[in-house]
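User: I'm new to this structure and would love a close look at just one part of it. Could you walk me through a single helix and its neighbours?

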Amino acid sequence: MSFAPPELVRLAVTASTMDSLHQLAAAGAPAGTAVLADEQTAGRGSRGRVWRSPPGGLWLSVLGRPATADLALVSLRAGLAVAEALDRLTPRVELRLKWPNDLMLGDRKLGGILGEARWQGPSLCWVVIGLGLNVNNPTPPQLAGTAANLVRVAPGLAPGDLAEPVLAALRGVDASAGSLTATERRRFAERDWLLGRELEAPVAGRAAGLAEDGALLVHRPDGVVLPVRAGTVLLATESAADSLLPD
């Protein structure tokens, strides 16, 4: 199979845009190729969680072929790029970022970013960045208090209005870039939903921003600032049930 320059593959239904794009990548699709679906039947988030993706949301994945990549940094940079692209489309909507991979609208989850890589021995073959964004899709009753839809604050908005600008933002993410720059950390801090909040997990303490390597900094009660690189975030005021958002 041969491919023209990077294209956007549109599907009515797929199990997962990430899985579809991994298949295209294995067949030789170039960097920048993307898959957009109206509906996913087996969408997923981090740690293998289910992401509900009925019609009405933006379900999109983009392919990169960097020489090296740190998936934690890729997800952070992708979230920042998407949030800034949405700012230009919905200037009166304040979107925030929750480490490590969530887009927030107020105190509710609007979307999530997931990065996956495929390797051949020690060599990186490709990276896929997946985005799930609630636009005007229905919210399951069990998530009514924890999930948000963009149409709630931007009436009339449809996934088709967002696809090309968001795709351009994701294609612009440099998956091979190293540590976060001071400018990137400042831009993230301006949207940091966790900043200053008291956490119960993954470490008890107060969220204090990001380290250069993308780790969450937590100021513990004993005064130590601990970098946390993985784990499920649970606010000190949340119950375990409140934390079960699709991501």
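Which residues in α2 meet α4, and which residues in α4 do they meet?

Analyst: Happy to. Keep in mind that this is a predicted model. On the α2 side you'll find L76, R77, L80 and E84, and in α4 they meet E184, R187 and F188. Sorted by character, the residues of this contact come out as three nonpolar, no polar and four charged.

Let's step back and look at α2 itself. The helix covers residues 71-89, which makes 19 residues. From its first C-alpha to its last it reaches 27 Å, close to the 27 Å expected at 1.5 Å a residue. At the N-terminal end sits a cap, and D70 provides it. A side-chain oxygen of D70 lies 3.0 Å from the backbone nitrogen of A72.

Now for how the helices are arranged. Two packed helices are described by the angle between their axes and the distance between the axes. Helix α4 takes in residues 182-189, and its axis and that of α2 come within 11 Å. They cross at roughly 60 degrees, so α2 and α4 count as oblique to each other. The crossing of this pair is left-handed.

The other partner is α3, made of residues 159-171. Here the axes come within 9 Å and cross at roughly 140 degrees. That angle is under the 145 degrees beyond which a pair would count as roughly antiparallel, so α2 and α3 are oblique to each other. This time the crossing is right-handed. From α2, the contact uses A78, A81, V82, A85, L86 and L89. From α3 come D161, L162, P165, V166, A169 and L170. This contact divides into 11 nonpolar residues, no polar ones and one charged.

The spacing of those residues is worth a look too. An α-helix has 3.6 residues a turn, so residues three or four places apart point the same way. With that in mind, try tracing A78, V82 and L86, which are among the α2 residues in the contact with α3. Then trace L76, L80 and E84, which are among those that meet α4.

Note on methods: Residues are numbered from 1 along each chain as its sequence is written. This is a predicted model: local features need pLDDT of at least 70, side-chain atom pairs count only at pLDDT 80 or more; totals for chains, interfaces and linings use all residues. Side-chain values use heavy atoms; hydrogens and water are left out. Axes are lines fitted to C-alpha atoms, for helices over the stretch in contact, and angles run from 0 to 180 degrees between N-to-C directions. Helices (H or I, at least four residues) and strands (E, at least two) are DSSP runs, numbered from the N terminus. Angles under 35 degrees count as roughly parallel, over 145 as roughly antiparallel, 65 to 115 as roughly perpendicular and the rest as oblique. A crossing is left-handed if the near helix is turned anticlockwise from the far one by less than a right angle, and right-handed if clockwise. Contact means heavy atoms within 4.5 Å. Ala, Val, Leu, Ile, Met, Phe, Trp, Tyr, Cys and Pro count as nonpolar, Asp, Glu, Lys and Arg as charged, and the others, Gly among them, as polar. The expected span of a helix is 1.5 Å times one less than its number of residues. A polar contact is a pair of N or O atoms within 3.5 Å; within protein, one must be able to donate a hydrogen and the other to accept it, and residues adjacent in sequence count only if both atoms are side-chain atoms.
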